[in-house]
Amino acid sequence: MISAIQANFDAAISSIPDGADVVFVFGEIDCREGLLVAVERAHYTDVNHGISVVVEIYVDALVKVAKERRFRVLVHPVPPVLNETRAIVKPFNATLQAAPIPALSPRPRRPDAPRSPPTCSLPVLLLFSST
């Protein structure tokens with residue numbers, strides 16, 4: 001059974017044209033409540049373990065959708081706007097920024113370029129802050 005979150009993601013992705021530049025922001029709800037609840041329920045040994053797992057899932061999903069749809073994926077960090085969540089958001093963003101991204105071929109940029117198997121790039125939008 002597909003989750004409501006997955007169905008919403010799939011619907012949003014289906015509305016974006018193949019080959020588009022797409023900015024993704026994931027992790028805000030995880031940082032606000034999901035990670036702490038998951039640690040309390042013993043899904044992860046601690047918050048850092050949870051962050052590592054969530055970031056790995058996130059990157060895998062981005063690579064998959066980028067390859068399938070030839071998206072140029074830009075990753076926006078979670079904004080550290082709430083004092084209550086900043087202690088989780090900062091290590092989440094640091095882990096995301098340091099995540100190993102598989103090497104992907106650049107996608108064709110010209111509209112008249114011959115159609116070929118989907119390729120993509122996966123740059124990170126450099127909006128990370130050390131403060």
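The following exchange walks a newcomer through a predicted model of one protein chain.

Biologist: In what order do the elements of the protein chain run from the N terminus on?

Modeller: The model is a predicted one, and its protein chain holds 4 helices and 2 strands. Reading from the N terminus on, and writing α for a helix and β for a strand, the order of these elements is α-β-α-α-β-α.

Biologist: What share of the residues of the protein chain count as buried?

Modeller: The accessible surface of the chain comes to about 8400 Å², and 59% of this surface belongs to carbon and sulfur atoms. A residue is called buried when its relative accessible area is under 20%. By that cut-off, among the 131 residues of the protein chain, the buried share is 31%.

Biologist: Among contacts between residues at least 6 apart in sequence, what percentage join residues at least 24 apart?

Modeller: One pair that is well separated along the chain is Leu74 and Val22, which are 52 residues apart in sequence, yet their C-alpha atoms are 5.9 Å apart in space. For the chain as a whole, among contacts between residues at least 6 apart in sequence, the share joining residues at least 24 apart is 72%.

Biologist: Which element gives the largest share of the lining of the largest pocket?

Modeller: The largest pocket has a volume of about 960 Å³, and its lining is made up of 28 residues, with Ile5, Gln6, Phe9, Phe26 and Ala61 lying nearest its centre. Two or more lining residues come from each of helix H1 (4–14), strand S1 (21–24), helix H2 (28–40) and helix H3 (47–69). The largest share, 8 residues, is given by H3.

Biologist: How many residues of the lining of the largest pocket are nonpolar?

Modeller: The lining of the largest pocket consists of 28 residues, and these can be divided by the character of their side chains. There are 7 charged residues and 5 polar ones, while the number of nonpolar residues is 16.

Biologist: Why does Phe24 count as buried?

Modeller: Phe24 lies in strand S1, and it touches residues beyond four places away in sequence, including Phe9, Ile13, Tyr58, Leu62 and Val65. Its C-alpha atom is separated by 6.2 Å from that of Leu74, although the two residues are 50 apart along the chain. Phe24 counts as buried because the cut-off is under 20% relative accessible area, and its own relative accessibility is 5%.

Biologist: Is Leu74 buried or exposed?

Modeller: Leu74 has its place in strand S2, and Phe24 is in contact with it. The relative accessible area of Leu74 is 13%, and Leu74 is therefore buried.

Biologist: Which residue has its backbone oxygen 2.3 Å from a polar atom of the side chain of Arg69?

Modeller: Arg69 lies in helix H3, and it is buried, with a relative accessible area of 16%. Not counting residues up to four places away in sequence, Arg69 touches Ile13, Ser14, Ile16, Pro17, Asp18 and Gly19. Within that group, the backbone oxygen lying 2.3 Å from a polar atom of the Arg69 side chain belongs to Ile16.

Biologist: Which residue has its backbone nitrogen 3.1 Å from a polar atom of the side chain of His49?

Modeller: His49 is found in helix H3, where it is partly exposed, with a relative accessible area of 33%. Leaving aside neighbours within four places in sequence, His49 is in contact with His43 and Tyr44. The backbone nitrogen that lies 3.1 Å from a polar atom of its side chain is that of Thr45.

Biologist: Where does Ala42 lie, and does it count as buried or exposed?

Modeller: Ala42 has a positive phi of about 65°, although it is not a glycine. Its position is in the loop between H2 and H3. With a relative accessibility of 63%, and the cut-off for this class being over 50%, Ala42 counts as exposed.

Biologist: What is the relative accessibility of Arg70?

Modeller: Arg70 is a residue other than glycine with a positive phi, near 55°, and it lies in the loop between H3 and strand S2 (72–75). Arg70 counts as buried, its relative accessibility being 14%.

Biologist: With which residues is Thr85 in contact, leaving aside its neighbours within four places in sequence?

Modeller: Thr85 is found in the loop between S2 and helix H4 (86–98). It is buried, with a relative accessible area of 9%. Once the neighbours within four places in sequence are left aside, the residues in contact with Thr85 are Cys31 and Arg32.

Notes. Residues are numbered from 1 along each chain as its sequence is written. This is a predicted model: local features need pLDDT of at least 70, side-chain atom pairs count only at pLDDT 80 or more; totals for chains, interfaces and linings use all residues. Side-chain values use heavy atoms; hydrogens and water are left out. On a 1 Å grid over the protein atoms alone, a cavity is a set of points where a 1.4 Å probe fits but cannot get out, and a pocket is an open set with protein on both sides within 12 Å along at least five of seven lines; lining residues have an atom within 4 Å of a point. Grid points are joined across faces, edges and corners, and a volume is the space filled by probe spheres set on the points. Ala, Val, Leu, Ile, Met, Phe, Trp, Tyr, Cys and Pro count as nonpolar, Asp, Glu, Lys and Arg as charged, and the others, Gly among them, as polar. Buried means under 20% relative accessible area, exposed over 50%, partly exposed in between (1.4 Å probe, protein chains only). Contact means heavy atoms within 4.5 Å. Accessible areas come from the Shrake-Rupley method with a 1.4 Å probe; for residues, only the protein chains shown count as cover. A polar contact is a pair of N or O atoms within 3.5 Å; within protein, one must be able to donate a hydrogen and the other to accept it, and residues adjacent in sequence count only if both atoms are side-chain atoms.
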